[in-house]
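Trainee: Hi! Could you walk me through this one while I have the viewer open?
Mentor: Happy to, just put it up and ask away.

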Amino acid sequence: MLRQSHTLLGAMALSYLALATQAQAETLNIGVMGELASFDTSQVSGGVWESQVLMDVYEGLLKKNSEGKAIPGMAADWDISEDGKTYTFYLRDDAKWSDGEPVTAEDFVFGWQHLLDPASASKYAYLLYPIKNAEAINTGAKSLDALGVESLDGGKTFKVTLNAPIPYFPQLLTHYTTYPLPKHAIDEYGKQWVKMDNIVTNGAFKPEEWVSQSRITVDKNPEYYDADEVSLDSVNYFNTEDRNAGISRFRAGELDVLREYPSSRYQWLEKNLPEATHLSPMLGSYYYVLNTREGRPTADKRVREALNLVARRKVLSEQIMAGSFKDAYALVPPGTSHYDVQQMDGVEGDYAKRLAKAKQLIKEAGYGPNHPLHLKLRYNTSDEHKKIAIALAAMWKPLGVEVEMTNAEATVHYQTIQEGDFDVARAGWIADYNDAENFLTLLRSGVGNNYGAYSNPKYDKLLDQAASTQDLDKREALLEQAENVVLDDYALVPLLYYVTRNLVNPEITGWQDNAEDDHPSRWVKFSE
């Protein structure tokens, strides 16, 4: 290690020289963790890497600033009714699509209806359920035109009616599920509107090139109302699922940002690239989904409890992940607004007692030496996901559990587990908005991101009650009660809480750590 020190310093100098040279081109190169599913927001799989691209090329009624706070976007101003159920948004006069056509309220009506259309099969449609008739539309019970949205004043005003007031609605309006879609382009090109020759967007950047499984390039959108304040000329998003290779590319000056460097490299990076290495708290949970579909071994609560009892979370956070995660015993992470962290029973304390109880549960479930429990475990390709999977398989081995591990790139992984072809599957959730409901909805019956098909009427009823409760303290109590229902049912295996882990070229500004790890490129600039 010592013999490499001079070489390392030289490489660092060359790296930052390369970064400085690249800065002159005003092109930001970002290493992201996977492939974008589509520029059609209804077809997005939910990856953080997808959000990074989409927030750069589209803009909702509200947008995020560099600190991750919601500020006016396509809407210059808005009014809220006294009962908190009706929002009226006044669109900017200079809001345009990248082809120069005006962005209208009709584009928002169309975009939201498209996302909720059962034919779109969007697994994120449930985020719009607070809107009047949204759930009925998404389930096919009502027609699209029943949605509680209206275009008024010749498309200059957009009105939204909610089922009940919700505290996080303004934050939701920065999420890609609430972006408009270019109705005029879709009318002309149909499903081909997302091709590079046809696509138009309304954000600070517009898509220019897409090399599958390699790179997406976007250029500055000259029609963007705030284009004069956008410093970058273009952004490249490189598919960098090999995170160690990503570090090498960052050091070589090929990347200005690497999203989520490997946790195992944190201490080395902090020592050798201290100015570039970012680590900060965030609202995110790393967990294992348990398939509750009929016929799966994990449909048995005794199996689910046993797997949770012997999962040694502190070993994962402190040893396997080198302190770059926090051990988790619930789904909703610390720091969530107006919410106290809950606790799954029995998963801390004397390990010998936990192991003995887990063995008894496995035996009661009908498994033993002559009939071992075989589990199909899936994870998306990454060294750290592999390490965690191997560690958990070893923790479960004393129970006689045989684990068959399968990995795939992120988009394929999530598509596969949504179809139910697994027993245990790795998943992670980064908050779309700072509210416990955003995490808890992952286990609501019928939700697209409820990969394990968990269903509990008591849980669903508590979430419904919380959704119609205006008093924030009473709402919090209902949500906490709901989470305890699924924790008592061992509906998942909570493992870790995320922290943000990014490598960022010190020569850029406008990239600020924040709890939701959102970083719109619109605010980024290279130092002069």
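Trainee: Is Tyr490 buried or exposed?
Mentor: Tyr490 counts as buried, because its relative accessibility is 7% and the cut-off for buried is under 20%. Keep in mind that we're looking at a predicted model.

Trainee: Where does Tyr490 lie?
Mentor: In the loop between H16 and E17. Tyr490 also has a positive phi, about 50 degrees, although it is not a glycine.

Trainee: OK, and Ala121, what's its phi?
Mentor: Positive too, about 50 degrees, and Ala121 is not a glycine either. You'll find Ala121 in the loop between H3 and H4. It counts as exposed because its relative accessibility is 62%, and exposed means over 50%.

Trainee: Let's switch to H10. Which of its residues are buried?
Mentor: Helix H10 covers residues 313-320, and its buried residues are Arg313, Leu316 and Ser317. They sit on the same side of H10 because they cover an arc of only 85 degrees around the axis.

Trainee: And which exposed residues are on the face turned away from that buried side?
Mentor: Glu318 and Gln319.

Trainee: What covers the buried residues of H10?
Mentor: The cover includes two helices, H9 (301-309) and H12 (383-396), along with strands E13 (326-327) and E17 (492-504). While you're there, look at Ala322, which follows H10 and has a positive phi near 55 degrees.

Trainee: New topic: the largest nonpolar core. Which residues touch the most other members?
Mentor: That core has 108 residues, and the ones touching the most other members are Tyr58, Leu61, Phe89, Trp112, Phe158 and Val160. Helix H3 (residues 105-116) gives the most to this core, with seven residues. Apart from it lies another core of 37 residues, including Tyr288, Leu361, Leu392 and Leu496.

Trainee: What does Leu61 touch?
Mentor: Leaving out residues up to four places away in sequence, Leu61 touches Pro72, Gly73, Met74, Ala75, Phe89, Leu91, Phe108, Trp112, Phe158 and Leu173.

Trainee: How far apart are Leu144 and Trp112?
Mentor: Their C-alpha atoms are 9.4 Å apart in space, with their positions 32 residues apart in sequence. Leu144 lies in the loop between H4 and strand E6 (149-152). Its relative accessible area is 28%, so Leu144 is partly exposed. Not counting residues up to four places away in sequence, Leu144 touches Gln113, Asp117 and Ile137.

Trainee: What about Glu50, buried or exposed?
Mentor: Buried, with a relative accessible area of 0%. Glu50 is found in helix H2 (residues 48-57). Setting aside neighbours within four places in sequence, Glu50 is in contact with Glu35, Leu36, Ala37, Val44 and Ser45.

Trainee: Now pockets. What volume does the largest pocket have?
Mentor: About 400 Å³. It is lined by 22 residues, and the closest to its centre are Tyr129, Pro130, Arg444, Asp464 and Ala467.

Trainee: Which elements give two or more residues to that lining?
Mentor: Helices H4 (134-138), H15 (457-467) and H16 (472-488). H15 gives the most to the lining of the largest pocket, with four residues.

Trainee: And by class?
Mentor: The lining of the largest pocket has 13 nonpolar, four polar and five charged residues.

Trainee: How much space lies in the second largest pocket?
Mentor: About 260 Å³. Among the residues lining the second largest pocket are Asp40, Phe110, His114, Lys191 and Trp193. The lining of this second largest pocket divides into five nonpolar, five polar and two charged residues.

Trainee: Last one: how many cavities of 30 Å³ or more are there?
Mentor: The count comes to five. The second largest cavity holds about 110 Å³ of space. Of the 13 residues lining the second largest cavity, Met33, Arg243, Glu260, Ser382 and His385 lie nearest its centre. By class, the lining of the second largest cavity has four nonpolar, four polar and five charged residues.

Methods: Residues numbered from 1 in each chain as written. Predicted model: local features only at pLDDT ≥ 70, side-chain atom pairs only at ≥ 80, totals over all residues. Heavy atoms only, no water. Buried < 20%, exposed > 50% of the residue type's maximum accessible area, 1.4 Å probe, protein only. Arc of directions from axis to C-beta. Contact = heavy atoms within 4.5 Å. Core = buried A, V, L, I, M, F, W, Y, C linked by side-chain atoms within 4.5 Å. 1 Å grid on protein atoms, 1.4 Å probe; cavity = no way out; pocket = protein on both sides within 12 Å on 5 of 7 lines; lining within 4 Å. Points joined across faces, edges and corners; volume = space filled by probe spheres on them. Nonpolar A, V, L, I, M, F, W, Y, C, P; charged D, E, K, R; others polar.
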